[in-house]
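Here are a few exercises to work through with the model open in your viewer. Try each task before you read its solution.

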Amino acid sequence: MKLKKTFIVTFTMLLIVFLGSCRATQTKCNSSLRIETDSIQRDMGLNDSLNAIIHHSKDIKCYLLTKNPAVPARIDSVRAVSNNLRSVIKFLITDPQNFISNDIVYGNFSPCAKYTFNAKKGKKVEFELDFGLRKWRLLNKENKILASGDMKATNIQLLRLTRIIFPNDSTLNILNENLNTK
């Protein structure tokens with residue numbers, strides 16, 4: 001009788017340890033399947049140094065690159081991004097939805113706007129946006145393409161942000177009207 005109780009207690013303890021280890025292994029597997037924003041960016045080409053340049057930039061400028069045929073001379077095509085808009089642009093650019101796909105689009109990449117992020121020690125990253133194709137690309141200071149992708153979710157938001165920086169630009173207003181009618 002005593003041997004039977006010892007066997008049952010031992011068997012129960014081993015069963016608890018075995019099931020506990022299975023649960024720990026299962027939890028470990030689930031935690032490795034979680035996708036964090038940083039891991040998506042690293043997988044798609046944005047490593048820690050590029051993220052550091054974007055997030056710790058001391059100077060952000062916005063450039064308008066497309067010209068309106070009706071207005072050949074554009075006076076103000078470069079503006080510094082104000083401090084209250086810096087966090088917004090960083091949030092929109094590093095949105096995980098931008099790094100999910102890079103679909104093939106039949107058209108030439110023609111950037112409408114460009115954001116430059118200048119960090120310490122001369123580090124620079126340029127983020128070019130083509131609102132018509134809904135594509136982006138990231139360039140280093142030598143204009144080498146580091147990464148590219150789609151702006152399926154943030155295309156209109158980035159266009160609106162660029163329009164906030166350049167409120168009187170007729171080209172951006174026309175582009176906004178055309179994209180909203182689709």
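The exercises below go from the whole chain to the sheet, and then to one lysine; keep in mind that this is a predicted model.

**Exercise 1. Sketch the fold along the chain: how many helices and strands are there, and in what order do the elements run?**

Step 1: Count the elements; you should get six helices and six strands.
Step 2: Read them off from the N terminus, which gives α-α-α-β-β-α-β-β-β-β-α-α.
Step 3: Add some context for the chain. Of its 182 residues, 36% count as buried.

**Exercise 2. Work out the strand order of the sheet and find which strands sit at its edges.**

Step 1: Start from β1 and look at both sides. Three bridges pair β1 with β2 in the antiparallel sense, and Y63 stands opposite V78 in β2.
Step 2: On the other side, β1 and β3 run antiparallel and are joined by six bridges; here L64 has A113 of β3 as its bridge partner.
Step 3: Move on to β4 (residues 124–130) and β5 (residues 135–140), an antiparallel pair with six bridges. F127 stands opposite L138 in β5.
Step 4: Put it together: the six strands form an open antiparallel sheet in the order β2-β1-β3-β4-β5-β6. The edges are β2 (78–80) and β6 (145–150), each pairing on one side only. On average, neighbouring strands are turned by 20 degrees against each other, direction ignored.

**Exercise 3. Which residues of β1 belong to the covered face, and which helix packs on the sheet touching β1?**

Step 1: Recall that side chains in a regular strand alternate between the two faces of the sheet.
Step 2: Sort the residues of β1. I60, C62 and L64 make up the covered face, while D59, K61 and Y63 make up the uncovered one.
Step 3: Look for the helix. Helix α5 (residues 155–165) packs on the sheet and touches β1, β2, β3 and β4. The direction of α5 makes about 80 degrees with that of β3.

**Exercise 4. Is K90 buried or exposed, and what lies around it?**

Step 1: Place the residue: K90 is part of helix α4 (residues 83–93).
Step 2: Check burial and charge. K90 is buried but has no salt bridge; D59, the nearest side chain of opposite charge, is 11 Å away.
Step 3: Look for a polar partner instead. A polar atom of the K90 side chain lies 3.1 Å from the backbone oxygen of H55.
Step 4: List the contacts, skipping residues up to four places away in sequence: K90 touches I54, H55, S57, I60 and F117. One of these, I60, is on the covered face of β1.

How values were computed. Residues are numbered from 1 along each chain as its sequence is written. This is a predicted model: local features need pLDDT of at least 70, side-chain atom pairs count only at pLDDT 80 or more; totals for chains, interfaces and linings use all residues. Side-chain values use heavy atoms; hydrogens and water are left out. Helices (H or I, at least four residues) and strands (E, at least two) are DSSP runs, numbered from the N terminus. Buried means under 20% relative accessible area, exposed over 50%, partly exposed in between (1.4 Å probe, protein chains only). Lys and Arg count as positive and Asp and Glu as negative; His and the chain ends are not counted. A salt bridge is a side-chain nitrogen of Lys or Arg within 4 Å of a carboxyl oxygen of Asp or Glu. A polar contact is a pair of N or O atoms within 3.5 Å; within protein, one must be able to donate a hydrogen and the other to accept it, and residues adjacent in sequence count only if both atoms are side-chain atoms. Contact means heavy atoms within 4.5 Å. Two strands pair if DSSP finds at least two bridges between them. Axes are lines fitted to C-alpha atoms, for helices over the stretch in contact, and angles run from 0 to 180 degrees between N-to-C directions.
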